[in-house]
Structures are given as structure tokens and as C-alpha cells.
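Biologist: Please take a close look at one residue of this model for me. After that, work outward from it at your own pace.

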Amino acid sequence: MKTMILFYSRTRKTALVAKTLAQEVNADYLEITDLNNRAGALNYVKASLDAFRENKTLIKPETVNLTDYDLVYVGSPTWAGKPAPAIITLIDQCDFQGKDVILFATMGSSGGQKVIERMREKIEPRGGRMIKSFQIKTGNQKTEELVENIKEIVKEEDLPIYGI
Ligand SMILES: Cc1cc2nc3c(=O)[nH]c(=O)nc-3n(C[C@H](O)[C@H](O)[C@H](O)COP(=O)(O)O)c2cc1C
């Protein structure tokens, strides 16, 4: 069984979660890049609006071939209570038929559960089955604290037993 972790990250928090998870559960990972510039304070408002309206964006890679994988993690930061546009776009361009899926959201303080629910609503019609989900607060967290939290979640949720 093979596991893939797909994620988008603007300020590297979700990337840290994804890469730590990849080590802990022995998975491949792939970062999805948003080709629209999301950097800086000015783009923050547009990013929030795009997320809230579920506007599509341009991403790289445009799609991911999941044929070789049995289990797929999808991770997104929380933007205005929604998944980031890169993840909304990705989900609609991937085939999840027959895949077990674990969803995770990072957030400054709140809204992660809504992000997970929305990803689930979009993945299930594309054939994926959510078997687990978790959210991680990243606000005011040092890198080491975040890594410890992720390792705790891996233990609590028994994540290494999936995808073996
Ligand atoms: C445009 C934008 C909107 C955000 N909206 C929320 C929000 O609604 N709730 C929340 O708790 N955090 C919100 N955040 C904070 C991020 O979800 C949080 O910092 C996340 O862990 C960042 O992940 P990243 O470093 O992988 O980009 C927002 C951040 C951005 C850039």
C-alpha cells in the first residue's frame, strides 16, 4: 500500500505538517503551488475573498495521478473558513475513485472543521472515502511545538496503521 500527501502552503505551516506526517507515516508528498501571487498583506484580502467564493486558481501541477496510491492525505490552510483556492482547484482536477482519504486543515485559531467538511463534500462525489480527519492550530506556535503536536496527533489517531 502506498500513501500520498497532497498539500498547499502559503507560509510553510501546512508544509511542515505535511512533511512531518510524511516521515511519521512513511508517505510520499507533493506540494501544490498556486500560480497566482498570494504573498504580502495586499494579497491577503483577495486571497480571503477567493477562498470564500471558492474561486478557482491556476495550480502546478494541474492534476495528480493517484493510480499508484491507496491512501491520499489532502491538507489545506484555513482561509476565511474555507480551503485555500489551490486545494479547491486541485480536488476538482483529481480522480479519487476507490481511494481512502485523510483530510487535515491548519488554522490560525478556528475554522478547520469547516475546511475539512468542505473538502469532504467535494472529494466524495469524486470517488474518495474520508476515513479520518484532523485539524491543527498554528497560531503562536513555534516550529518545535508544531512538530510535537503533529507527532501527538499521529499517535492519538493511530495514523501509521492506515495505508500499510
Ligand atoms: C487569506 C488568509 C485567510 C485566513 N483565514 C483564516 C481563518 O478564517 N481562520 C483561521 O483560524 N486562520 C486563518 N488564516 C490563518 C491560516 O489558516 C494559518 O496561519 C495556516 O496555518 C497557514 O498555513 P500555511 O502556512 O501553510 O499557509 C488565514 C490566512 C490567510 C493567508
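Modeller: Lys 19 counts as partly exposed because 18 C-beta neighbours lie inside 10 Å of it. That label covers what falls between buried (20 or more other C-beta atoms within 10 Å) and exposed (12 or fewer), with C-beta atoms placed from the backbone. Lys 19 lies in helix H1, where helices (H or I, at least four residues) and strands (E, at least two) are DSSP runs numbered from the N terminus. Pro 125 is 106 residues from Lys 19 along the chain, and 28 Å separate their C-alpha atoms.

Before going on, a word on what you are looking at. This is a predicted model, in which local features need pLDDT of at least 70, side-chain atom pairs count only at pLDDT 80 or more, and totals for chains, interfaces and linings use all residues. Residues are numbered from 1 along each chain as its sequence is written. The chain has a mean pLDDT of 96, and 99% of its residues reach 70 or more; pLDDT is the predictor's confidence in each residue, from 0 to 100. The scores for the model are ipTM 0.99 and pTM 0.98.

Helix H1 leads us to two other parts of the picture. One is the ligand, which has 22 residues around it, the closest being Thr 11, Lys 13, Thr 14, Pro 77 and Gly 108. A residue belongs here if its C-beta atom, placed from the backbone, lies within 6 Å. H1, H2, S5 and S7 each give two or more residues to this shell. By class, the shell holds 12 polar, 7 nonpolar and 3 charged residues. Here Asp, Glu, Lys and Arg are charged, Ala, Val, Leu, Ile, Met, Phe, Trp, Tyr, Cys and Pro are nonpolar, and the others, Gly among them, are polar.

The other part is the largest nonpolar core, which has 41 residues; Leu 6, Val 72, Tyr 73 and Ile 87 touch the most other members. Two or more residues of this core come from each of strand S1 (3-7), helix H1 (13-25), helix H2 (40-52), strand S5 (71-79), helix H3 (85-92), strand S7 (100-107) and helix H4 (112-123). S7 gives the largest share, 6 residues. Such a core is a set of buried Ala, Val, Leu, Ile, Met, Phe, Trp, Tyr and Cys residues joined through C-beta atoms within 7 Å.

Which residues does Val 72 contact, leaving aside neighbours within four places in sequence? They are Met 4, Leu 6, Leu 66, Phe 96, Lys 99 and Val 101, a contact being two C-beta atoms, placed from the backbone, within 7 Å.

Strand S7 also contains Asp 100, which counts as partly exposed because it has 19 C-beta neighbours inside 10 Å. Beyond four places in sequence, Asp 100 is in contact with Asp 70, Leu 71, Arg 129, Ile 131 and Tyr 162. Gly 127 is 27 residues from Asp 100 along the chain, with 9.2 Å between the C-alpha atoms.

Tyr 162 also pairs up with the start of the chain: its C-alpha atom is 9.1 Å from that of Met 1, although the two positions lie 161 residues apart along the chain. Met 1 sits in the segment before S1 and counts as exposed, because 9 C-beta neighbours lie inside 10 Å.

On helix H2 there is Val 45, and this residue counts as exposed because it has 10 C-beta neighbours inside 10 Å. Val 45 and Ala 80 are 35 residues apart in sequence and 9.7 Å apart, C-alpha to C-alpha.

Ala 80 brings us to the backbone geometry. Most residues other than glycine have a negative phi, and most peptide bonds are trans. Ala 80, in the loop between S5 and strand S6 (82-83), has a positive phi of about 50°, and its 16 C-beta neighbours inside 10 Å make it partly exposed. Glu 54, in the loop between H2 and S4, also has a positive phi, near 55°; with 14 C-beta neighbours inside 10 Å, Glu 54 counts as partly exposed. The peptide bond from Lys 60 to Pro 61 is cis, with omega near -5°, and Pro 61 lies in the loop between strand S4 (59-60) and S5.
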